[in-house]
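User: I would like to go through this model by question and answer, with the reasoning kept short.

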Amino acid sequence: MRLGKMLIIGERINASNKSVGQALANGDKEFLQNLAKAQADAGAAFIDVNAGAATDWAGSSTALMEWLIDVVQEVTEKPLCIDSDDPAVVQAALKRYRGETVMINSVNAEPERLNSIGRLALERKTSLVALVMRDGGIPRTVEERLDAADAIMTHLVGLGVKEEQVYFDPLVLPISVDSTQGLITLKTIAGIKARYPSAKTVMGLSNISYGLPNRRMINRAFMVMSAAMGLDAAIMDPLDAKAMSLARVADMLTGEDLACKKYIKAHRKGLLVE
């Protein structure tokens, strides 16, 4: 199931989350499967899987990711988003994965990483999340981020990857750290959509609210604002029913829900939460 234009990638299975990290370390299959099922039932189109660095499993992050993929695929047929910064882990995960549709999270403008991950994306015809940053860390300006997007697209297209396979991440920094960063992300989304209309945009929504109270309220507002600038996908918590409702509203208000049919259908099914 997909809500509309906005593609929701469930973020909950991530080793940086303390309870998930403990479940991975303990091999708690039931906990992880319940989390996968809950996100799928809530309407996530993809389930992100991030196993982190192995603290057990004989130190093998590859073995841990393979196990996690098996665990999740036992309970849902939803496509997975393979989330790792280690090309060897991504490669092993793709071999293990038995679905058709799959996404890789992520690359940046580093040539070596673009080569290794880009070739995997080309071979498996996967979607690919691309962070608009170079070696020196997250760019502070819109122009620097668009320059990184240009470098990424030039490199990937040169490998044979199609523009429509790329999901650019405009990067989200906490608004509590730098009050200009919300607008920088929004303008980067607009810039990417203007330069690469066939490519998609995606972002980790919750970064914007880090360090602040009432985080979900901030995340929801930022999602709607980002949708107006052309955001195509959000890595977020699909168990936030209000955010999922607002994703439907955003589709409707940005002209992606013809005659408001999907919104009205969701209302009649009792899926909208104010």
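User: Which strand holds Ser106?

Analyst: The model is predicted. In it, the peptide bond from Asn105 to Ser106 is cis, with omega near 20 degrees. The strand that holds Ser106 covers residues 102-107 and is β4.

User: Is Lys125 buried or exposed?

Analyst: Lys125 is not a glycine, yet it has a positive phi of about 55 degrees. Its place is in the loop between α5 (111-124) and β5 (127-131). The cut-off for exposed is over 50% relative accessible area. Lys125 has 69% relative accessibility, so it counts as exposed.

User: Where is Cys260 found, and what is its relative accessible area?

Analyst: Cys260 has a positive phi of about 60 degrees, although it is not a glycine. It is found in the loop between α9 (241-253) and α10 (261-268). Partly exposed covers the range between the buried limit of 20% and the exposed limit of 50%. Cys260 is partly exposed because its relative accessible area is 29%.

User: What radius of gyration does the protein have, and what does the globule rule give for 274 residues?

Analyst: The secondary structure comes to ten helices and eight strands. The radius of gyration is close to the value from the globule rule, so the protein is as compact as a globular protein of that length. The C-alpha atoms fill a box of roughly 50 × 45 × 35 Å along the principal axes. The radius of gyration is 18 Å, and the rule gives 19 Å.

User: Of the contacts between residues at least 6 apart in sequence, what percentage join residues at least 24 apart?

Analyst: Of the 274 residues, 51% count as buried. The accessible surface comes to about 12600 Å², and 51% of it belongs to carbon and sulfur atoms. For the contacts in question, the share that joins residues at least 24 apart is 68%.

User: How many Å apart are the centres of the positive and negative side chains?

Analyst: The protein has 32 positive and 33 negative side chains. Taking the centre of each set, the separation is 6 Å.

User: What span should helix α3 have, and how far apart are its end C-alpha atoms?

Analyst: Helix α3 runs over residues 61-73, which is 13 residues. At 1.5 Å a residue the expected span agrees with the distance between the end C-alpha atoms, because each is 18 Å.

User: Which elements do the buried residues of α3 pack against?

Analyst: The buried residues of this helix are Leu64, Met65, Trp67, Leu68, Ile69, Val71, Val72 and Gln73. An α-helix has 3.6 residues a turn, so residues three or four places apart point the same way. The elements packed against the buried residues of α3 are α1 (18-26), α2 (29-41), β2 (46-49), β3 (80-83) and α4 (87-96).

User: Which residues is Val72 in contact with, leaving aside its neighbours within four places in sequence?

Analyst: Val72 is in helix α3. With a relative accessible area of 0%, Val72 is buried. The C-alpha atoms of Val72 and Glu164, 92 residues apart along the chain, are separated by 27 Å. With those neighbours set aside, the contacts of Val72 are Ile13, Ala36, Val49 and Leu80.

User: What distance separates the C-alpha atoms of Glu144 and Lys95?

Analyst: Glu144 lies in helix α6, residues 142-159. Its relative accessibility is 39%, so Glu144 counts as partly exposed. Glu144 and Lys95 are 49 residues apart along the chain, and their C-alpha atoms are separated by 35 Å.

Key: Residues are numbered from 1 along each chain as its sequence is written. This is a predicted model: local features need pLDDT of at least 70, side-chain atom pairs count only at pLDDT 80 or more; totals for chains, interfaces and linings use all residues. Side-chain values use heavy atoms; hydrogens and water are left out. Helices (H or I, at least four residues) and strands (E, at least two) are DSSP runs, numbered from the N terminus. Buried means under 20% relative accessible area, exposed over 50%, partly exposed in between (1.4 Å probe, protein chains only). The radius of gyration is taken over C-alpha atoms; the globule rule is 2.2 Å times the number of residues to the power 0.38. Contact means heavy atoms within 4.5 Å. Accessible areas come from the Shrake-Rupley method with a 1.4 Å probe; for residues, only the protein chains shown count as cover. Lys and Arg count as positive and Asp and Glu as negative; His and the chain ends are not counted. The place of a charge is taken as NZ of Lys, CZ of Arg, CG of Asp or CD of Glu. The expected span of a helix is 1.5 Å times one less than its number of residues.
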